[in-house]
Amino acid sequence: MWTLIALALGALVVYVAACAWWPFMACRRCLGTGKKRSPSGKAWRPCPRCGGNGRRVRLGRRIYEIFRTGA
Ligand SMILES: [Zn+2]
């Protein structure tokens with residue numbers, strides 16, 4: 001039982017460390033392009049989900065920020 005908890009905690013630490021190092025993922029809505037294409041494919045507008053920058057902050061990065069600010 002404790003081995004399982006230790007393994008889960010270890011995996012969490014590794015995941016949070018990875019998120020501290022690589023904080024962003026490509027936005028799933030626009031696949032990291034930051035653009036939302038019109039059906040014609042020629043016109044586009046900034047992706048509403050990521051605000052046009054094409055990146056999404058990972059959940060682990062938020063956890064890392066909580067630890068970093070000492071909450
Ligand atoms: Zn997007």
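What spacing do the donors of the zinc ion follow along the chain? In this predicted model, the donors of the zinc ion are spaced as C-x2-C-x16-C-x2-C, and the views below begin with that site.

**View 1. The zinc ion and its protein donors.** The zinc ion has as its protein donors the SG atoms of Cys27, Cys30, Cys47 and Cys50, which lie 2.3 Å from the ion. Because the 4 donor atoms subtend angles of 102 to 118 degrees around the zinc ion, the arrangement is tetrahedral. For comparison, the ideal angle for four tetrahedral donors at a metal is 109.5 degrees.

**View 2. Cys27 and Cys47, two donors of the zinc ion.** Cys27 sits in the loop between strand 1 (24-26) and strand 2 (35-37), whereas Cys47 sits in the loop between strand 3 (44-46) and strand 4 (55-57), so that this pair, 20 residues apart, links distant parts of the chain. Both Cys27 and Cys47 are buried.

**View 3. A nonpolar patch on the surface.** Met1, Trp2, Ile5, Leu9, Leu12, Tyr15 and Leu59 together make a nonpolar surface patch of about 810 Å², to which helix 1 (residues 2-21) gives the most, with 5 residues. Tyr15, which lies in helix 1, is partly exposed, its relative accessible area being 33%.

**View 4. Lys42 in the loop between strand 2 and strand 3.** Lys42 counts as exposed because its relative accessibility is 74%, and exposed here means over 50%. Lys42 and Val16 are 26 residues apart in sequence, and from C-alpha to C-alpha they are 39 Å apart in space.

Key. Residues numbered from 1 in each chain as written. Predicted model: local features only at pLDDT ≥ 70, side-chain atom pairs only at ≥ 80, totals over all residues. Heavy atoms only, no water. Donors = N, O, S within 2.8 Å, 3.2 Å for Na, K, Ca; no water. Tetrahedral: all angles 85-135°; square planar, octahedral: opposite > 155°, others 65-115°. Helix = DSSP H or I, 4+ residues; strand = E, 2+ residues; numbered from the N terminus. Buried < 20%, exposed > 50% of the residue type's maximum accessible area, 1.4 Å probe, protein only. Patch = residues over 30% accessible without salt bridge, like charges linked within 9 Å, V, L, I, M, F, W, Y side chains within 5 Å. Areas by Shrake-Rupley, 256 points an atom, 1.4 Å probe, with all protein chains shown as cover. Salt bridge = Lys/Arg side-chain N within 4 Å of Asp/Glu carboxyl O.
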